[in-house]
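Trainee: I would like to go through this structure with you. May I start with one residue and then move outward?
Mentor: Please do.

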Amino acid sequence: MSNGDWVSTSMPYLTPRGRASGDAWAAEAAAAGRRGTQRIVQAGEVPAPPELAELLGVAEGDAVVVRRRVIELDGEPNELTDTYYPTEVARGTPLAATAKIRGGAVTLLAELGHTGVTVREDVTARMPTEEERAVLRIGVDEPVLRLARVTLDGEGRPIQADLMTMPAARQRLRYEIRNG
């Protein structure tokens, strides 16, 4: 962290963990001497919104499974994360329910035979919606970062897509790339 900003990397969220492990967010925050929690505010099947349909390669309006969460840092909202799954991957699994998943969703996906091999992330900036401002407790003039991530299996099929919204002033995203 630098100047109180949160520095986040993607790798801990893409790697399966043991079932005995806590979630990656709690571990990342604890390593920085902070407290990371999350509230699952909705889970289940929904019609695929346009941006998500493109990421998962489904038609707009097709059924997908979503887990909507408010990610908190030291008790304050830090990020809104909507994670979507194709129904053939998540229907009837704990991914479609509001209970926390021991070891995290990526661990469960691996146990179900869905391992991410390729990840693509796009980061954009924009002004927040009224709902995002209220939940994240930010002002009307504070922009947000929007990270759209899709995880593909070994055959190039999307198995998970994340749409994350975070206050730009509180975040720094770090990418480390190892080639070979």
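Trainee: Where is Glu79 placed?
Mentor: Glu79 sits in strand β4, which covers residues 76–86. Please bear in mind that this is a predicted model.

Trainee: Which side chain of opposite charge is nearest to Glu79, and how far away is it?
Mentor: That side chain belongs to Arg69, at 6.4 Å. A salt bridge requires a side-chain nitrogen of Lys or Arg within 4 Å of a carboxyl oxygen. Glu79 is therefore buried without a salt bridge, given the 6.4 Å to Arg69.

Trainee: With which side chain does Glu79 make a polar contact, then?
Mentor: With that of Thr81, at 2.6 Å.

Trainee: And which residues does Glu79 touch further along the sequence?
Mentor: Leaving aside residues up to four places away in sequence, Glu79 touches Arg69, Val70, Ile71, Leu136, Met164, Thr165 and Met166.

Trainee: Let us turn to the nonpolar interior. How many residues are in the largest nonpolar core?
Mentor: The largest nonpolar core has 14 residues. Leu52, Leu55, Leu56, Val64, Tyr84 and Leu163 have the most contacts inside this core.

Trainee: Which elements each supply at least two residues of this core?
Mentor: These are α2 (50–56), β3 (63–73), β6 (144–152) and β7 (158–167). The largest share, four residues, is from α2.

Trainee: What does Leu52 touch?
Mentor: Its partners are Val64, Tyr84, Ala161 and Leu163, again not counting residues up to four places away in sequence.

Trainee: What does the second, separate core include?
Mentor: That core has nine residues, including Tyr85, Ala90, Ile101 and Ala105.

Trainee: A change of topic: is Gly36 buried or exposed?
Mentor: Gly36 has a relative accessible area of 11%, so Gly36 is buried. This glycine lies in strand β2, residues 36–47.

Trainee: How far apart are Gly36 and Pro77?
Mentor: They are 41 residues apart in sequence, and their C-alpha atoms are 9.9 Å apart in space.

Trainee: Finally, the whole chain. How many helices and strands are there?
Mentor: The protein chain has five helices and eight strands. From the N terminus, the order is β-α-β-α-β-β-α-α-β-α-β-β-β.

Trainee: What share of the residues is buried?
Mentor: Of the 180 residues in the protein chain, 42% are buried. The chain exposes about 9400 Å², of which carbon and sulfur atoms supply 50%.

Trainee: And among contacts between residues at least 6 apart in sequence, what share joins residues at least 24 apart?
Mentor: That share is 59%.

Technical notes. Residues numbered from 1 in each chain as written. Predicted model: local features only at pLDDT ≥ 70, side-chain atom pairs only at ≥ 80, totals over all residues. Heavy atoms only, no water. Buried < 20%, exposed > 50% of the residue type's maximum accessible area, 1.4 Å probe, protein only. Lys, Arg positive; Asp, Glu negative; His and termini not counted. Polar contact = N/O pair within 3.5 Å; in protein donor to acceptor, adjacent residues only side chain to side chain. Contact = heavy atoms within 4.5 Å. Core = buried A, V, L, I, M, F, W, Y, C linked by side-chain atoms within 4.5 Å. Areas by Shrake-Rupley, 256 points an atom, 1.4 Å probe, with all protein chains shown as cover.
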